[in-house]
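The exercises below concern charged side chains and their pairing. Work through each task with the structure at hand before reading its solution.

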Amino acid sequence: MTDINEQFAKFTAFQADAIAPFTTFGGVAAETFEKLARQNYAVIGDYVEFAVNQAKLPADIKDVNDLVGRQIESTRDFSEKLTARFQEYAAIARTAQNEAQDATAKTTKKAAAKKAA
């Protein structure tokens, strides 16, 4: 028969094994959240910059043809910037997916090794 200290030690080890996958996935989720939040912050900054630029153009440029040309150029630059940002979103998603798959594989491998032992 085992004493209470051994039972607590077994129970603690069981809890640690049970929580390990959640800890790993929690880390992946936290890192991904941070990346997405920073990316959102950058995109909002791009929107603010574009809006302020568009608002200032009519005051800065008096020739209508020049104004329209500058607006088109500014819009094109903004569109290219957003395209790059959304490619960065895709990269964040791919990284998160790969990290989650790696964590799943490691967790499954550890569980299989523990079961075999």
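A salt bridge is defined here as a side-chain nitrogen of Lys or Arg within 4 Å of a carboxyl oxygen of Asp or Glu. The model is predicted, so that local features need pLDDT of at least 70 and side-chain atom pairs count only at pLDDT 80 or more, while totals for chains, interfaces and linings use all residues. Residues are numbered from 1 along each chain as its sequence is written, and side-chain values use heavy atoms, with hydrogens and water left out.

**Exercise 1.** Count the salt bridges under this rule.

*Solution.* The count comes to 4 salt bridges.

**Exercise 2.** Characterise the pair formed by Glu34 and Arg38.

*Solution.* Begin with the distance: the closest N and O atoms of Glu34 and Arg38 are 3.0 Å apart. Next, place the pair: both residues lie in helix H1 (residues 4-60), separated by 4 residues, or about one turn of the helix, where helices are DSSP runs of H or I with at least four residues, numbered from the N terminus. Finally, consider accessibility, for which buried means under 20% relative accessible area, exposed over 50%, and partly exposed in between (1.4 Å probe, protein chains only). Glu34 is partly exposed at 41%, whereas Arg38 is exposed at 56%.

**Exercise 3.** Trace the salt bridges of Arg85, starting from Asp46.

*Solution.* Arg85 and Asp46 meet in a salt bridge with an N to O distance of 2.6 Å. This pair links distant parts of the chain, with Arg85 in helix H2 (residues 64-116) and Asp46 in helix H1, 39 residues apart. Asp46 is buried, its relative accessible area being 6%. Arg85 also forms a salt bridge with Glu88, at 3.6 Å between the closest N and O atoms. Salt bridges with shared partners thereby join Asp46, Arg85 and Glu88 into one network.

Key:
Helix = DSSP H or I, 4+ residues; strand = E, 2+ residues; numbered from the N terminus.
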